[in-house]
Amino acid sequence: MPIPHYLPHSSLQQLFEALTEDGYAIVGPQAKENRIDFGEIRNTAELPWGIGLIQDAGASQLVDGPKNRCFAWANGPQAMKPLLFAPREPLWQIRHGKNGYVVDAINPETRRLAVIGLRPCDLSALRIQDQHFLEGQYPDSHYGARREGLLVIAVNCTHPAATCFCASTGDGPGAKESFDIALTEDDNGFVVETGSPEGEQILARLALKEALSTQMETAADNLRNAASSQRRSLVSDNLRDVLMSRLDHPHWDEVAERCLACGNCTAVCPTCFCHAEIEEASLGGNHSLHSREWDSCFGERHGYIHGKQLRPEIKQRYRQWLTHKLATWHDQFGRSGCVGCGRCIACCPVGIDITEEAAALLK
Amino acid sequence: MKNTLPRLAVHKFSSCDGCQLAFLNAGEALLTLSRRAEIIHFSEAGWENPLAKVDIAFVEGSISTPKDLERIKAVRESANTLVTIGACATAGGLQALRNGVKQFADWVGDVYASPEYIQSLPESRPISAHVKVDLELWGCPVTGKQVLDALGDLLNGITPVNSSEPVCSECKRSGHVCVLVSKKEPCMGPVTRTGCGALCPAFGRACYGCFGPAEQANTASLAKQFEHMGLSAKDISRRFLFITSATQPFSDTGHGYLEQEDV
């Protein structure tokens with residue numbers, strides 16, 4: 001384990017410059033239109049300095065936060081997912097050629113991205129997305145092309161929201177792996193750890209001092225407090241058997257009365273990967289564009305097979321989502337599909353809370 | 001060659017003409033279309049041939065007058081495939097707000113100087129209430145892409161995709177701020193059919209529900225959420241009784257809150 005260093009806030013711009021020198025485009029959080037939004041940034045002044053975030057079931061509100069912090073919030077609706085798994089993208093085009101149909105693959109334009117501000121829950125989700133898109137029998141070339149050359153600068157979570165429960169899923173608030181650089185913020189700067197040769201190589205150029213033991217203690221204290229301040233939790237990290245034995249539980253009907261089947265939970269879930277493929281034939285009849293887009297198990301086409309809708313009711317769709325996420329995910333990926341980020345709770349228009357629903361289903 | 005092209009008609013019933021602009025504003029696509037099909041009837045663009053046999057008839061507007069009722073039967077007879085475009089043709093439109101209103105006859109007298117010239121059916125109803133419809137395109141108005149994609153699919157012999165997913169799906173793909181969660185605006189997006197590209201949320205406004213109910217529109221739950229947000233029964237009823245007021249479940253939810261307001 002490399003020795004932790006200390007990066008004062010005043011030197012953060014040097015890190016940005018080192019990344020730029022290495023040819024990275026930097027993506028990071030910004031306070032935009034009442035939420036935390038990840039986008040391209042060049043200057044540390046663009047980070048959400050002095051911003052706090054209050055999230056609760058069905059509610060998300062930016063507020064004033066500590067002036068000398070730029071990571072004093074938990075998360076926005078999206079972080080890594082749309083950067084690697086595009087919400088909509090063309091895959092190929094098919095057209096009439098001289099000797100029949102011609103298929104032109106459409107490869108994504110990619111850049112080397114350095115993403116700063118990913119939370120430990122986001123890193124866990126990234127591992128699951130990698131497993132899904134890259135480690136199966138058919139690796140996804142579009143995801144793979146974006147993933148290659150990605151540099152991850154995680155920021156440990158010192159300000160969890162009321163919707164957070166990563167401590168109970170074991171995914172946070174401190175990052176253990178899957179980062180190149182990990183930062184823990186205090187009032188003056190960051191305790192910095194590296195998790196890869198790339199991360200070390202970049203940090204070595206910043207001439208940072210080793211972190212003082214007091215700085216490391218503050219960081220550890222902050223993370224302990226972040227864990228103990230979380231009020232929500234998932235009752236167990238493996239609900240597979242218990243949920244699969246409750247497929248007829250009356251609570252599914254109760255949730256279905258509230259659930260809007262709008263799919264917002266699946267869109268913001270950092271581990272949800274379902275997509276639909278769409279074909280757009282041209283008006284001229286000479287070519288057709290084949291694309292894919294985010295889909296949701298709450299939507300009509302997800303449960304539709306030729307001539308039959310397998311899940312015509314909201315109840316069945318919510319059950320599909322929850323039992324996949326918390327139960328059958330274990331068979332597929334060797335862990336639960338929930339990383340405790342709480343996005344589905346904050347972004348549900350009617351405030352449906354996965355931790356409460358799971359608890360109710362266990363009764 | 002010309003004679004073998006599929007024949008199209010665009011008809012107008014009780015409506016504002018706005019949905020026909022999907023064709024008129026199509027620009028270059030019209031040149032492409034002219035190579036794929038022949039437009040036989042389209043009054044707003046100058047072709048007048050309302051009873052000619054066609055392969056595809058697009059119908060804008062609702063059935064609101066006795067004359068509409070006669071004409072739609074003739075249009076149905078004339079066309080192999082009938083496609084409704086827009087909220088009026090598909091759901092009865094804004095004018096369906098008069099449905100079930102007891103003082104309707106008085107209103108006509110109040111509004112028109114010579115009410116004896118006004119011949120309206122008691123209700124404004126969608127085309128499908130009177131004749132068989134093969135494809136219904138929702139929207140107020142429909143978009144050019146929506147109409148031309150459907151037309152392209154029909155000309156290419158493909159069943160048109162006609163998504164009924166909620167606006168939220170498109171809103172999240174586009175990365176817009178959720179106006180319900182972040183601004184507590186009474187957004188209809190979770191229960192409204194997509195098609196507009198989440199236009200209003202893109203500008204920070206709550207969805208008005210122009211495209212009608214989504215496939216699983218849990219209006220009761222969304223209305224309850226509007227109550228929690230502090231909307232009055234009257235305001236809630238107005239969210240649901242607007243552009244597609246005659247369509248379920250918007251109609252029942254809206255009228256339920258309207259009655260609460262009356263009490």
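1. Start with the polar side of the chain A and chain B interface. In this predicted model, 20 residue pairs are in polar contact between chain A and chain B, counting pairs with both residues at pLDDT 80 or more. Salt bridges between chain A and chain B come to five. If you want one to look up, try A:Arg317 and B:Glu215, whose side chains meet in a salt bridge at 2.8 Å, N to O.

2. Where on chain A should you look? Strand 5 (59–64), helix 9 (251–258), helix 10 (264–268), strand 13 (275–281), strand 14 (287–294) and helix 11 each supply at least two residues of the side that touches chain B. The residues on that side of chain A split into 19 nonpolar, 10 polar and 11 charged.

3. Now the overall extent of the interface. Contact involves 40 residues of chain A and 35 residues of chain B. About 2900 Å² is buried between chain A and chain B, and carbon and sulfur atoms give 51% of that area.

4. Helix 11 of chain A is worth another visit, this time for a contact inside its own chain. Helix 11 (residues 314–333) packs with helix 13 (residues 354–362) of chain A at an angle of about 90 degrees, and their axes are 12 Å apart. So helix 11 of chain A is roughly perpendicular to helix 13 of chain A.

5. As for who meets whom there, helix 11 of chain A brings A:Tyr318, A:Trp321, A:Leu322 and A:Leu326, while helix 13 of chain A brings A:Ile354, A:Glu357, A:Ala358 and A:Leu361. The residues of this contact divide into seven nonpolar, no polar and one charged.

Technical notes:
Residues are numbered from 1 along each chain as its sequence is written. Chains are lettered from A and ligands numbered from 1 in the order in which they are written. This is a predicted model: local features need pLDDT of at least 70, side-chain atom pairs count only at pLDDT 80 or more; totals for chains, interfaces and linings use all residues. Side-chain values use heavy atoms; hydrogens and water are left out. Axes are lines fitted to C-alpha atoms, for helices over the stretch in contact, and angles run from 0 to 180 degrees between N-to-C directions. Helices (H or I, at least four residues) and strands (E, at least two) are DSSP runs, numbered from the N terminus. Angles under 35 degrees count as roughly parallel, over 145 as roughly antiparallel, 65 to 115 as roughly perpendicular and the rest as oblique. Contact means heavy atoms within 4.5 Å. Ala, Val, Leu, Ile, Met, Phe, Trp, Tyr, Cys and Pro count as nonpolar, Asp, Glu, Lys and Arg as charged, and the others, Gly among them, as polar. Buried area is the accessible area (1.4 Å probe) that two parts lose on being put together, summed over both. A salt bridge is a side-chain nitrogen of Lys or Arg within 4 Å of a carboxyl oxygen of Asp or Glu. A polar contact is a pair of N or O atoms within 3.5 Å; within protein, one must be able to donate a hydrogen and the other to accept it, and residues adjacent in sequence count only if both atoms are side-chain atoms.
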